[in-house]
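Let's take a walk through this model, one helix and one sheet at a time. Have the viewer open and follow along.

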Amino acid sequence: MDKENYRKRIIDKTVAEYLSMFGAVCIEGPKWCGKTWTSSFHSSSEIFMGDPSGNFQNRQLAQMSPNLILDGKTPRLIDEWQEVPPIWDAVRYEVDRRGKNGQFILTGSATPNHKGIMHSGAGRIAKIRMHTMSLYESGDSSGVVSLSELCRGIFTPSMTGEVSLKNIIELIIRGGWPGSLGGGIYESPVLANEYLNAVIDDDVYRIDGIRRDSVKMRLLLRSLARNESTTASNKTLVNDIKIIDDGEVDSNTVGAYLDVFNRLFITENQPPFSSGIRSSVRIKQAEKRHFTDPSLACALLNVTAESLLNDLETLGFLFESLCERDLRIYAQSFGGKLYHYQDYKNNEIDAVVELPDGNWCAFEIKLGANQIDSAAENLIKISEQIREEPKGKPPVLLGVICGLSNASYQRPDGVYVIPITALKD
């Protein structure tokens with residue numbers, strides 16, 4: 001690849017660090033998110049399992065004798081290793097034999113079953129999750145506010161410039177696929193639809209050789225899109241499919257297909273946060289549902305910029321998805337984790353970033369500047385309720401991630417306001 005024109009990714013630092021610590025690194029994530037490009041940037045030689053040359057000669061060679069494909073300058077990239085699962089054990093064995101770090105980079109766009117894999121690779125192969133591009137990586141965020149610094153109390157107020165609602169909508173529909181950055185607003189849904197078609201028509205079968213009902217899969221995907229950024233249960237999805245699409249998918253099938261979507265990195269849900277922050281309050285344990293990129297939900301819902309302007313409720317959920325995608329990427333870069341909070345007293349926090357030291361930061365996500373006051377009040381109320389608990393552990397920071405604010409600042413009540421187009425890792 002042309003390394004001089006490589007577009008840097010936030011994950012680059014982690015890849016370099018892990019290569020210095022482990023014998024091999026496995027970069028996982030959805031197709032088209034840039035795994036191969038990034039892995040190639042960090043490698044000195046490479047082999048591709050999906051190369052059709054010589055009737056897929058590389059794949060045949062790996063199937064006959066996996067160790068034969070491991071020779072080459074290190075780090076050596078082995079792209080889409082899951083096409084030949086025994087590669088995993090071959091890499092693990094070779095890492096042990098060589099006794100050196102930074103030997104291999106594996107990429108995978110699906111999590112295979114464990115058939116044909118004898119060893120977990122623990123201590124030898126480190127896994128890194130890669131996502132589609134954040135707004136900072138795609139050049140659509142100025143990055144004047146660092147999430148890492150903000151969470152450590154380092155902050156400088158600044159004017160960040162006007163952002164139009166039309167621009168926010170375009171960013172949602174386009175998504176963070178590297179291949180869509182130069183495309184227009186009308187090309188992006190086509191790319192997202194083709195992505196879904198490729199996954200359903202090909203990858204779903206290749207993941208484990210099981211034939212599944214593509215019609216039912218599409219029904220479930222549409223239902224997930226209608227329930228994007230919500231904690232809808234499997235039962236809710238079953239009923240939604242029946243009422244909206246007049247289809248029939250039983251709960252067992254829904255559960256099995258959701259597992260497949262997760263293994264193919266189509267979905268990446270937001271787990272609930274509890275961590276003992278309130279000793280006597282029951283915390284809901286439902287995950288918040290997300291596609292790996294908001295553009296997939298847009299494609300499944302057939303939304304356009306014009307239709308979203310007339311459906312602000314749906315736009316709000318999609319904007320939340322965009323922000324939580326970026327928060328996940330930024331938090332991951334410094335060892336943080338993304339959650340959401342719900343309790344049985346109807347208290348909710350859109351996004352919780354848990355820091356490596358166990359402290360946490362609470363964020364509400366609001367599209368319009370007119371919603372900032374109510375969001376700040378909600379954060380303060382919940383924080384005070386937690387503080388009053390005998391063993392309550394309140395957040396160390398309260399913030400509102402906004403779409404249409406033209407400045408990053410701290411309010412008199414202590415709540416920070418940060419435009420998503422000004423945020424970075």
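Start with helix α9, whose buried residues are Met217, Leu219, Leu220, Leu221, Ser223, Leu224 and Ala225. Keep in mind that this is a predicted model. What do those buried residues pack against? Their partners are α8 (188-206), α10 (234-244), α11 (251-263) and α12 (294-301). It helps to recall that an α-helix has 3.6 residues a turn, so residues three or four places apart point the same way.

As for its geometry, α9 covers residues 214-226, which makes 13 residues. From first C-alpha to last it reaches 18 Å, close to the 18 Å expected at 1.5 Å a residue. Have a look at the N-terminal end too: Asp213 caps α9 there, with a side-chain oxygen 2.9 Å from the backbone nitrogen of Val215.

Now swing over to the sheet. Here 5 strands form an open sheet with parallel pairing, in the order β2-β3-β4-β1-β5. The edges belong to β2 (45-48) and β5 (125-129), each of which pairs on one side only. On average, neighbouring strands of this sheet are turned by 20° against each other, direction ignored.

Zoom in on the β5 end of the sheet. Strand β1 (residues 24-28) runs parallel to β5 and is joined to it by 5 bridges. Across from Arg129 in β5 you'll find Glu28.

Finally, add the helices that lie across these strands. Helix α1 (residues 12-21) lies across β1, β4 (104-108) and β5, running at about 175° to β5. Helix α4 (residues 86-98) lies across β1, β3 (76-79), β4 and β5, and its angle to β4 is about 165°.

Notes: Residues numbered from 1 in each chain as written. Predicted model: local features only at pLDDT ≥ 70, side-chain atom pairs only at ≥ 80, totals over all residues. Heavy atoms only, no water. Helix = DSSP H or I, 4+ residues; strand = E, 2+ residues; numbered from the N terminus. Expected span 1.5 Å × (residues − 1). Buried < 20%, exposed > 50% of the residue type's maximum accessible area, 1.4 Å probe, protein only. Contact = heavy atoms within 4.5 Å. Polar contact = N/O pair within 3.5 Å; in protein donor to acceptor, adjacent residues only side chain to side chain. Pairing = 2+ DSSP bridges. Axes fitted to C-alpha atoms, helices over the stretch in contact; angles between N-to-C directions.
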